[in-house]
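Good morning, everyone, and thank you for making time for this short talk. Please bring up the sequence and the structure, so that we can go through a few places together.

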Amino acid sequence: MYGHLKKQVSTVMAGFEFLSVKPYTAPSWASYLDPIPSHIVSLAHLPTPIHRWNLPNLPANTEVWLKRDDLSGMQLSGNKVRKLEFLMADAIAESADSVITIGGIQSNHCRATAVAAKYLNLDPFLILRTSKLLVDQDPTLTGNLLVERLIGAHLQLISKEEYSQIGSVTLANLLKEKLINQGRRPYVIPVGGSNSLGTWGYLEAVREIELQIQSGTSNVKFDDIVVACGSGGTIAGLALGSSLSTLKARVHAFSVCDDPDYFHNFVQGLLDGLKAGVSSRDIVHIQNVSVFLKW
């Protein structure tokens, strides 16, 4: 009876932690990284479950398990929210009153950033890439655009050609300068939330997986982790965390855009930004998704 009551009380307390900013302590195996975030804001519903996926016709002695990060929260679902827990905490620490980010017209990252910003009383500004024919048209109310417009996000449409010519960093900085000139205090979050600070989202996810394995009833050990790669931050955190922790699973990434060389170089920049002292090519195997589809 006492144990049941204790569980109820801890669940209620956890409910009140949503949107709270808390001091952050890194896993012991990541304590040498620099810089270590000072705070984290609670945005995700964690831990997300892990369960076996009973696929037919698997090779002998092969099991497939799923880490259900699609259950990390409705509007903030997926891998984006883990990065945003650290990025939004930094925005608050810098006394920002607005957040800028950039992505495709139906970017899940942009939607998640806009919702998180509104939760935290920050004004979201989204630069959305679309076709040249649609730049001057109303962006409609479909998919993620519906959520973004319902919450009052500021949308700026740009053609794919301009995006390629100018670049995401310059586009975000131009908007930042404009807002600063208007007396605003904007905080810029890169494409996919993928910078060295955002990488901590999946370093922390590795600690979560470690704890789930330790507390689980099944004696499972994961040999490989397979994940899609769209901006690089998730695989940087997973690969570094797996190599440093007790997990020691090989990380395989399938790029949905750009090519493996681009992502190896980009991930290397994230690792160098944390003074990790490792080569991206030693800790993650990246392939084009087209190679996988040919199987």
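Which residues does Ser231 touch, not counting residues up to four places away in sequence? In this model, which is a predicted one, Ser231 touches Lys83, Val191, Gly192, Ser194, Phe263 and Phe266 when those sequence neighbours are left aside. One of these deserves a further word, since the side chains of Ser231 and Ser194 are joined by a polar contact of 2.6 Å. If you want to find Ser231 on your screen, look in the loop between β9, residues 224-229, and α8, residues 233-244. Ser231 counts as buried because its relative accessibility is 13%, and buried here means under 20%.

Let us follow α8 to its other side, where Ser245 sits in the loop between α8 and β10, residues 250-255. Ser245 is buried as well, with a relative accessible area of 2%. A polar atom of the Ser245 side chain lies 2.8 Å from the backbone oxygen of Gly241, and, with residues up to four places away in sequence left out, Ser245 touches Trp29, Val206 and Glu210.

Now I would like to turn to two positions that come with a database record, and here I ask you to be careful about the wording. UniProt, in an unreviewed entry, places the feature "active site" at Ser107, and such annotations may be inferred rather than shown by experiment. In the model, Ser107 is found in the loop between β5, residues 98-104, and α3, residues 108-119, and it counts as buried at 11% relative accessibility. The side chain of Ser107 reaches the backbone nitrogen of His109 at 3.2 Å, while its contacts beyond four places in sequence are with Asn144 and Glu148.

The second position is Lys80, which UniProt lists, again in an unreviewed entry, for "modified residue: N6-(pyridoxal phosphate)lysine". Lys80 lies in helix α2, residues 80-93, and is buried, with a relative accessible area of 17%. Leaving out residues up to four places away in sequence, Lys80 touches Asn108, His109 and Ala112. You will recognise His109, since its backbone nitrogen is what the side chain of Ser107 reaches.

Next come the charged pairs. Side chains of opposite charge can pair when their charged atoms come close. How many salt bridges does a search of the whole structure find? It finds 13. Among them is the one between Asp123 and Arg184, whose closest N and O atoms are 3.3 Å apart. Asp123 lies in strand β6, residues 123-130, and Arg184 in the loop between α6 and β8, so this pair ties together parts that are 61 residues apart in sequence. Asp123 counts as buried at 17% relative accessibility, whereas Arg184 is partly exposed at 26%. Arg68 and Asp70 also form a salt bridge, at 2.8 Å between the closest N and O atoms, and there is a network of salt bridges that links Lys67, Asp69, Arg82 and Glu208.

Finally, let us look at the surface, where Trp53, Leu55 and Leu58 make a nonpolar patch of about 240 Å². Leu58 is placed in the loop between β3, residues 50-53, and β4, residues 64-67, and counts as partly exposed at 30% relative accessibility.

Methods
Residues are numbered from 1 along each chain as its sequence is written. This is a predicted model: local features need pLDDT of at least 70, side-chain atom pairs count only at pLDDT 80 or more; totals for chains, interfaces and linings use all residues. Side-chain values use heavy atoms; hydrogens and water are left out. Patches are made of residues with over 30% relative accessible area and no salt bridge: like charges are joined within 9 Å, nonpolar side chains (Val, Leu, Ile, Met, Phe, Trp, Tyr) within 5 Å. Accessible areas come from the Shrake-Rupley method with a 1.4 Å probe; for residues, only the protein chains shown count as cover. A salt bridge is a side-chain nitrogen of Lys or Arg within 4 Å of a carboxyl oxygen of Asp or Glu. Helices (H or I, at least four residues) and strands (E, at least two) are DSSP runs, numbered from the N terminus. Buried means under 20% relative accessible area, exposed over 50%, partly exposed in between (1.4 Å probe, protein chains only). Contact means heavy atoms within 4.5 Å. A polar contact is a pair of N or O atoms within 3.5 Å; within protein, one must be able to donate a hydrogen and the other to accept it, and residues adjacent in sequence count only if both atoms are side-chain atoms.
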